[in-house]
Amino acid sequence: MTFQPESELTEEEVRDRVDSAIEDNDVVLFMKGNELMPQCGYSQKALELVQQHRDDYETVDVLDALAEFRTALEDHSGWETIPQTFVNGEFVGGSDVLAELEERGELADELSD
């Protein structure tokens, strides 16, 4: 049996956090864990890729209300997986998309839009 912590955040509170984070930051990464302690390999990879090209970005730890964050983020991006990166309010992708952009030499430009 997997432990599922009870969220202290309502769906509306999470939706407000997601909306604000996307609107108020040039680059925001919704991830499992935080900058100092990513809690999944995909989140860590996405964070490393963003950090290669940006000094100023925001991260949002989704673990305190994972189901609610998935729902709110899917409304913005059409994706239910995490991590998710937004630049200037536009969904860019998760760690796989960031890695593909990096391979093509396009990530720096994408993160500076």
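This passage describes salt bridges, helix packing and selected local features of the structure. The model is a predicted one.

Salt bridges were searched for first. The whole structure contains five of them. One joins the side chains of E11 and R15, with a nitrogen-to-oxygen distance of 3.4 Å. Both residues belong to helix α1, which covers residues 11-24. They sit four residues apart there, so about one helical turn separates E11 from R15. Neither partner falls in the buried class. E11 has a relative accessibility of 44% and therefore counts as partly exposed. R15, at 26%, is partly exposed because the buried class is reserved for values under 20%.

A second salt bridge links the side chains of D64 and R17, at 3.7 Å from N to O. Here the partners come from separate elements. D64 lies in the loop between β2 (58-61) and α3 (66-77), whereas R17 lies in helix α1, so the pair ties together parts that are 47 residues apart in sequence. D64 has a relative accessible area of 38%, which makes this residue partly exposed. R17 is likewise partly exposed, with a value of 43%.

A third salt bridge forms between R104 and E106. Their closest N and O atoms are 3.2 Å apart. E106 is partly exposed, at 34% relative accessibility. Salt bridges can also share partners. Such sharing joins E11, R15 and D75 into one network.

Helix packing was examined next. Helices α1 and α3 pack at an angle of about 45 degrees. Their axes are 9 Å apart. This angle makes α1 oblique to α3, because the roughly parallel class takes in angles under 35 degrees and the roughly perpendicular class begins at 65. The crossing of α1 past α3 is right-handed. On the α1 side, the contact is made by E11, V14, R15, R17, V18, D19 and I22. On the α3 side, the contributing residues are E68, F69, T71, A72, L73, D75 and H76. By class, the residues of this contact comprise six nonpolar, two polar and six charged. The contact between α1 and α3 includes E11, R15 and D75, the residues joined in the salt-bridge network. R17 also takes part in this contact, and its side chain forms the salt bridge with D64.

A further helix pair is α2 (residues 41-53) and α4 (residues 95-103). These helices pack at about 40 degrees, with their axes 9 Å apart. The crossing of α2 and α4 is left-handed, while that of α1 past α3 is right-handed. From α2, the residues in contact are Y42, K45, A46, L49, V50, Q52 and H53. They meet S95, L98, A99 and E102 in α4. This contact has six nonpolar, three polar and two charged residues.

Two backbone features stand in loops. The peptide bond from I82 to P83 is cis, with omega near 20 degrees. P83 is located in the loop between α3 and β3 (84-87). The other feature concerns N88. This residue is not a glycine, yet has a positive phi of about 50 degrees. N88 is placed in the loop between β3 and β4 (90-93). With a relative accessibility of 37%, N88 is partly exposed.

Distances along the chain and in space were then set side by side. L63 lies in the loop between β2 and α3, the loop that also holds D64. L63 is partly exposed, at 32% relative accessibility. L63 and K32 are 31 residues apart along the chain, and 5.7 Å separates their C-alpha atoms. Leaving aside residues up to four places away in sequence, L63 touches K32, G33 and Q39. E48 gives another case. This residue belongs to helix α2 and is partly exposed, at 36% relative accessibility. E48 and E68 are 20 residues apart along the chain, and their C-alpha atoms are separated by 25 Å. E68 is one of the α3 residues in the contact with α1.

Conventions: Residues numbered from 1 in each chain as written. Predicted model: local features only at pLDDT ≥ 70, side-chain atom pairs only at ≥ 80, totals over all residues. Heavy atoms only, no water. Salt bridge = Lys/Arg side-chain N within 4 Å of Asp/Glu carboxyl O. Buried < 20%, exposed > 50% of the residue type's maximum accessible area, 1.4 Å probe, protein only. Axes fitted to C-alpha atoms, helices over the stretch in contact; angles between N-to-C directions. Parallel < 35°, antiparallel > 145°, perpendicular 65-115°, else oblique. Left-handed = near helix turned anticlockwise from the far one by under 90°. Contact = heavy atoms within 4.5 Å. Nonpolar A, V, L, I, M, F, W, Y, C, P; charged D, E, K, R; others polar.
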